[in-house]
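Work through the exercises below with the model open beside you. Try each task before you read its solution.

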Amino acid sequence: MSQSDLMLILPDWLISTPLEPPYRGYGVCVEQGKVKEIATHEVLLERYPSAEIVQAKGQVCAPGFVDAHTHLYGVLAHGIPLENAPSGFWSFLVDFWWPKVEDQLTREMICAATAVQMYRMARSGITCFYDCTEAPFALPGVLRAQAEVVAQSGMRGVLSFEATERVSPENGQLGLRENVACIEACASSERLRGLMCFHTTFTCSEAFIRQAFDLAERYGVLTHCHLSEGTFEPEYCLEHFGMRPVFYYEKLGVLGDRMLASQCVQLDTAEIERLAKAGVKVTHMPLSNCEVGGGIAPIPDLVAAGVQVGLGSDGYITDFFEVMRGAFLIHKAAKQNPQVMPAWQVWYLATEGGARALNLEGVGRLAPGWYADLQLFQVNLPTPLEEHNLYEQTLLYVNSSQVRSVMVGGEWLMRDGFYLKGDAESLTQRAHQAALELWQKVHHSS
Ligand SMILES: [Zn+2]
């Protein structure tokens, strides 16, 4: 086979998987979208003399980040006028967020947000994401429109619609069908996937939740829901069902390794044990948990119990280095223990951990046979990068502005600081327009 299809990426340091130490002087050989080999520069250059060479001096090559939980449309709510927003969780949802934001979202707004977020995620070193769209009046067809935008961006993604019966039972069914259509449409795509998704125990009936899991079972996909983001849901479940949410799901017979639960902030120890035993996957959003005052998720306990955990932005702060810093720091404070959540572990949750939580094969690690989903970031610190400090130094002192190049499945989305999949300015402009339109609706409906 001709070596012209081969590419050698030669950074100063290579992170293959945070489960191992970083490798100084190692590079990656990429072939047909996948990693063919990792080895020292010398070995790679000798073995593949006619491969294309990408020099990445002063840079670290790492697996691309997996944003395991986001709401792409959420970017339009950054800076939204909030002067009349109620302070409590329930009234925030019923008086503000649902009627004035989610119910006002149109397909164009969501596509504009999706397009700009593909750019902003790539800039941040993210190569894969899971999105949860909540916009009951953009049904049907919103996921298909989003999938087209994502496909153009080259990003790897899992799309879903957060089906809920809060508007009407019919709207709930539309939401479930939207997920099924997306799962079917993405089945043959290499980079896109769909999964099943419903909202929570307090907006979905028992029959509806069972239906969502049954559909997911039929297609062999995960079912996602938000779980105990604050104290509201456990209190609701105790009042209405006489038990906490995890036990309620267990009673419904849906707790298992096909369940993906995001947030998981307010769990008690028995719930942690049940989640671990059942193999439920969890995603953790340290910064948005702070934003909504939900509390601090017991992530060190979940990890210790053996739960597969991924890290997510929740559509709040996209810079994944910031998200990692959140996960690295808040648990140390909460546990009054600087040894919990070491840097390598947070790096793991931000890459392979997220991919595993999403049940994605071959994503999140740079090793032979795995997808060439990677990022290169420039490091220029006042102290030397060494094997013993690289995970911590890069987690603490690197920002997304230092990400130089990003590749998904062997294709560059960003190269030497330039986004190759669209004009950043016009993408931002389109998002501004969509945001202004949404904000005007918020204003007029108050
Ligand atoms: Zn969320």
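Helices (H or I, at least four residues) and strands (E, at least two) are DSSP runs, numbered from the N terminus. This is a predicted model: local features need pLDDT of at least 70, side-chain atom pairs count only at pLDDT 80 or more, and totals for chains, interfaces and linings use all residues. Residues are numbered from 1 along each chain as its sequence is written.

**Exercise 1. The end of helix 6**

Find the sign of phi at G220, just after helix 6.

Solution. Go to the loop between helix 6 and strand 11, where G220 is found. Read phi there: G220 takes a positive value of about 65°. Next, count neighbours. A residue is buried if 20 or more other C-beta atoms lie within 10 Å of its own, exposed if 12 or fewer, and partly exposed in between; C-beta atoms are placed from the backbone. G220 has 10 other C-beta atoms within 10 Å, so G220 is exposed. Finally, take a distance: G220 and R258 are 38 residues apart in sequence, and 8.2 Å apart in space, C-alpha to C-alpha.

**Exercise 2. Length and sides of helix 6**

Check the span of helix 6 (residues 206-219), then sort its buried and exposed residues.

Solution. Start with the rule: the expected span is 1.5 Å times one less than the number of residues. For the 14 residues of helix 6 this gives 20 Å; the end C-alpha atoms are 21 Å apart, which agrees. Now list the buried residues of helix 6: I209, A212, F213 and A216. They cover an arc of only 90° around the axis, so they are on the same side of helix 6. The arc is that of the directions from the helix axis to the C-beta atoms. On the other side of helix 6, A207 and R218 are exposed. Last, look for the cover. It includes helix 5 (169-186), strand 10 (196-197), strand 11 (223-227) and helix 8 (245-252).

**Exercise 3. Two positive phi values outside glycine**

Decide whether Q32 is buried or exposed, and do likewise for D314.

Solution. Take Q32 in the loop between strand 3 (26-31) and strand 4 (34-40). Its phi is near 50°. Q32 has 11 other C-beta atoms within 10 Å, so Q32 is exposed. Turn to D314, in the loop between strand 14 (309-311) and helix 12 (320-335). Phi of D314 is near 65°. D314 has 25 C-beta neighbours inside 10 Å, so D314 counts as buried.

**Exercise 4. A cis peptide**

Locate the cis peptide bond that ends at P140.

Solution. Search the loop between strand 7 (126-133) and helix 4 (142-153), where P140 is found. The bond runs from L139 to P140, with omega near -10°.

**Exercise 5. Domains**

Describe the side of domain 1 that touches domain 2.

Solution. Set the bounds: domain 1 is 3-63 + 374-408, and domain 2 is 72-357. These bounds come from an automatic or database domain assignment. The domain centres, taken over C-alpha atoms, are separated by 31 Å. Count contacts (C-beta atoms, placed from the backbone, within 7 Å): 16 residues of domain 1 are in contact with 22 residues of domain 2. Helix 14 gives the most to this side of domain 1, with 4 residues. By class, this side has 11 nonpolar, 4 polar and 1 charged residues. Nonpolar means Ala, Val, Leu, Ile, Met, Phe, Trp, Tyr, Cys and Pro; charged means Asp, Glu, Lys and Arg; the others, Gly among them, are polar.

Definitions and conventions: Contact = placed C-beta atoms within 7 Å.
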